[in-house]
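Colleague: I should like to learn how to read a protein model step by step. May we begin with the chain and then turn to particular features?

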Amino acid sequence: AGIGLAGYLVARILDTSSQASVRPVPPGHQEIAWIAPATSGDGWERLVAALTLLQERGSKPAGGAALRLDLDKAFLDLSADVPEIALTLDGSAATSLWVRWYKLSGENNSRQWIANLQKRDTPPLAIVGGDTSDRALALAEALKDAQGGWRGPAPLLLITTATADRYFPSDRDGNLVAHEEWPKLMDVYPGRSFRFAFTNKRMVQAVLDFVRQTPQVWPQNPAAFAGIVGPADAWTSFAMLGGVGAWRPYFLYT
């Protein structure tokens, strides 16, 4: 048991020594840090494919240099390693923009990565992440608390697919609060947060617009309406219209 415990502790020490280890940024270079779960291999592959397509089909500005990618370390054998892509313009090999995937896990959360990135001389230009609303909130809160501690301009937060407009404040201790009083996700790290996904509010608006513009989804009774023309008395016709719900407006709620 003692030998097993000692082996476990040594393994943990060796494992945590490489945890949350950020890559250096050479002088003159810049970095974009993608902070996403270690299970986001599909997302990383799509990013690599998109950058490859940009290199192949991207238009070169007049008199400008073509974009070149270095994908030698885009896919690594060890799952704990930090994959990276270097973007370089022709003739500017001394300066590159590095896109690196820092993996979230049980050992390394958003705050750990932000704290380690903050120790470098060159902060990331941007932190990309927030595939879910709770992860976006965690990143925003970590960046908010880290403001003022960077050795350069604080990075931007680029939220990918989180959809929440607002979040329930933890200091409420479970007390019920009207949703419109909840703080906004974009106000956690104000002035430096951007998002690239539809919000819940916008998606609901799109659904309701579709419902309003699509008569097939509304209750209809063609037979009742056809029978209304039969009575000679106008008041009877109006009463029948009321009976089938013609005067009753339909309301949509979210």
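Modeller: Certainly. This is a predicted model. Of the 254 residues of the protein chain, 32% count as buried. The accessible surface of the chain comes to about 15,900 Å², and 59% of that surface belongs to carbon and sulfur atoms.

Colleague: How many helices and strands does the protein chain have?

Modeller: The chain has seven helices and seven strands. Along the sequence, their pattern reads α-β-α-β-β-β-α-β-α-β-β-α-α-α.

Colleague: At what angle do helix 3 and helix 4 pack?

Modeller: A packing of helices is described by the angle and the distance between their axes. Helix 3 (residues 110-118) and helix 4 (residues 133-146) pack at about 35°, and their axes are 9 Å apart. Helix 3 contributes Ser110, Arg111, Ile114 and Gln118 to this contact, while the residues from helix 4 include Ala138, Leu139 and Ala142. By type, the contact residues divide into six nonpolar, two polar and three charged. The crossing of helix 3 with helix 4 is right-handed.

Colleague: Is Arg120 buried or exposed?

Modeller: A residue counts as buried when its relative accessible area is under 20%. Arg120 is buried, because its relative accessible area is 10%. This residue lies in the loop between helix 3 and strand 5 (126-129).

Colleague: Which residues does Arg120 touch, apart from those up to four places away in sequence?

Modeller: With those set aside, Arg120 touches Val22, Arg23, Pro24, Val25, Glu31, Arg100, Tyr102 and Arg151. In addition, a polar atom of the Arg120 side chain lies 3.0 Å from the backbone oxygen of Thr122.

Conventions. Residues are numbered from 1 along each chain as its sequence is written. This is a predicted model: local features need pLDDT of at least 70, side-chain atom pairs count only at pLDDT 80 or more; totals for chains, interfaces and linings use all residues. Side-chain values use heavy atoms; hydrogens and water are left out. Helices (H or I, at least four residues) and strands (E, at least two) are DSSP runs, numbered from the N terminus. Buried means under 20% relative accessible area, exposed over 50%, partly exposed in between (1.4 Å probe, protein chains only). Accessible areas come from the Shrake-Rupley method with a 1.4 Å probe; for residues, only the protein chains shown count as cover. Axes are lines fitted to C-alpha atoms, for helices over the stretch in contact, and angles run from 0 to 180 degrees between N-to-C directions. A crossing is left-handed if the near helix is turned anticlockwise from the far one by less than a right angle, and right-handed if clockwise. Contact means heavy atoms within 4.5 Å. Ala, Val, Leu, Ile, Met, Phe, Trp, Tyr, Cys and Pro count as nonpolar, Asp, Glu, Lys and Arg as charged, and the others, Gly among them, as polar. A polar contact is a pair of N or O atoms within 3.5 Å; within protein, one must be able to donate a hydrogen and the other to accept it, and residues adjacent in sequence count only if both atoms are side-chain atoms.
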